Amino acid sequence: MKIAILTMFNGLSKTYSLVSVVEEHLHMLLEAGLHVKLLVSQDCPDSERQGIFLDERIEWVRITNRLRGELIHWRDYAQSVGRVHESFYEEAAVIADSMEEVLRDADVCIMHDIMYQGWHLVHNVAVRQVQERLPKVRFLAMTHSLPAPRPIRANWPLSARFNAMPNTDYLYPTASGLPALARQYGVELNRCHAVYNSWNPYAESSEALRRLGARIDLLSPDILVIYPGRLTPGKQFEKAAALVGAIAFESGLSAKIVFCDFPSLDISSQAYKLQICEVGIRFGLKREHIVFTSDEGWTDGFPHQAVMELFGLSNLFICSSYSESFGLIVLEAASRGNFIVLNEAVPALKELGERLDAYFMRWNARNFGYETKEQYQPSEEAYIREHAAIIVRRMGEEKVLRAKTLVRQQYHPKWIWEHQLKPLLMDVTTRER
């Protein structure tokens, strides 16, 4: 499938927010393996191309902005009645010829604000001429501003901003705007669709996070836990794995725990990993949902900056450690908005947790001058499962935490591609058949 994106950009500065939206769409389309043409104004400078706009897979196409060698000045026709300047139709014709040449082999053309903005009226009219010549090309017209009220009176070509075009569906960043969008173009509501603007957590992240995110799904789990530390039984990683497994089993939510680990001299890393996995699986985790960054290429530890970025994605932090002198990692996790669960039997963790209003559980611990060993009634498994249910309920009651999780799960490019943009493109091919 060949996709054309029609923007008519004169520049690529991110101060123009539409540049960022198109950037994310390019990521989605290229990752799906689609052939992409990007249509911009012939005056868009190469010097401003950066990031995804430099990707060699993109066919970069410049649409003419000249009439008989003279620059075409875009005029903002925001009104619905009146007259256009004398050379308007000649300008639209040469632009249409330029567009037709590059759209001839396209299956779908996604337009950004071309149908809506008054200064794109000449391109709006040009596209309509192309559509008449290339009736098999499907168009998706995206509007990025509040839909304009449909006027009582309008004359051509000013009425083009309010007239539907054949073989075209209309897109808007939110579902709430779809009825108004349908009214603007006078179309049935089923021709209007929401395609959210996306938040890409990897767009400006560290290379380590991007690499890990390419190997591991960090975005879709309902519960995402990050536990950094040396791979030693003193951290009691298996307790955290058991609790996350119990949370998954008791709630039916998807859960994943990522251990940002590095080796210890007091135990074989492989032996301890096996023990952690066995416990996590017994309590309800799938093996693929127990991740060790040492198995993903970081054998000597995951970079601290990337750990902090992971805390920005996670929503639950568990410190089941046997001993801590302070627990700086607790502050780091809390600073990124995680629900905090701590081992109350460790004095330093209890002190921090009381100030942070953390949730406490009790595991074996070292105190000042002595060690403690917990006795559970009727069993440790029953204890863990009971607290797992409480933690899930408490997390569900925290609105900020719910918002953080929802943004991670449903506003990233992959979700928007799978649930909103891809179905529209697949629907286009289905109609053609």
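**Exercises on a predicted model**

Glu296 lies in the loop that runs between β12 (290-292) and α8 (304-313). The model is predicted.

**Exercise 1.** Determine whether Glu296 is buried or exposed, and list what surrounds this residue.

Solution.
- Step 1: take the relative accessible area of Glu296, which is 17%.
- Step 2: apply the cut-off; buried means under 20%, so Glu296 counts as buried.
- Step 3: collect the contacts, leaving out residues up to four places away in sequence; Glu296 touches Leu212, Arg215, Ile216 and Val291.
- Step 4: look for a polar partner of the side chain; the side chain of Glu296 makes a polar contact with the side chain of Arg215, at 2.7 Å.

**Exercise 2.** Describe how domain 1 and domain 2 of the protein chain are placed and how they meet.

Solution.
- Step 1: set the bounds; the domain assignment gives 2-200 + 413-426 for domain 1 and 207-410 for domain 2.
- Step 2: take the centres over C-alpha atoms; those of domain 1 and domain 2 are 46 Å apart.
- Step 3: identify the contact residues; domain 1 contributes 4 residues and domain 2 contributes 5 residues.
- Step 4: compute the area buried between the two domains; the result is about 410 Å², with 69% from carbon and sulfur atoms.
- Step 5: divide the share of domain 1 by residue; Trp199, Lys414 and Trp415 supply 88% of the area that domain 1 buries against domain 2.

**Exercise 3.** Find how many salt bridges and polar contacts link domain 1 and domain 2.

Solution.
- Step 1: apply the salt-bridge rule across the interface; the count is 0.
- Step 2: count residue pairs in polar contact, both at pLDDT 80 or more; the count is again 0.

Note on methods:
Residues numbered from 1 in each chain as written. Predicted model: local features only at pLDDT ≥ 70, side-chain atom pairs only at ≥ 80, totals over all residues. Heavy atoms only, no water. Domains from an automatic or database assignment. Contact = heavy atoms within 4.5 Å. Buried area = accessible area lost by both parts, 1.4 Å probe. Salt bridge = Lys/Arg side-chain N within 4 Å of Asp/Glu carboxyl O. Helix = DSSP H or I, 4+ residues; strand = E, 2+ residues; numbered from the N terminus. Buried < 20%, exposed > 50% of the residue type's maximum accessible area, 1.4 Å probe, protein only. Polar contact = N/O pair within 3.5 Å; in protein donor to acceptor, adjacent residues only side chain to side chain.
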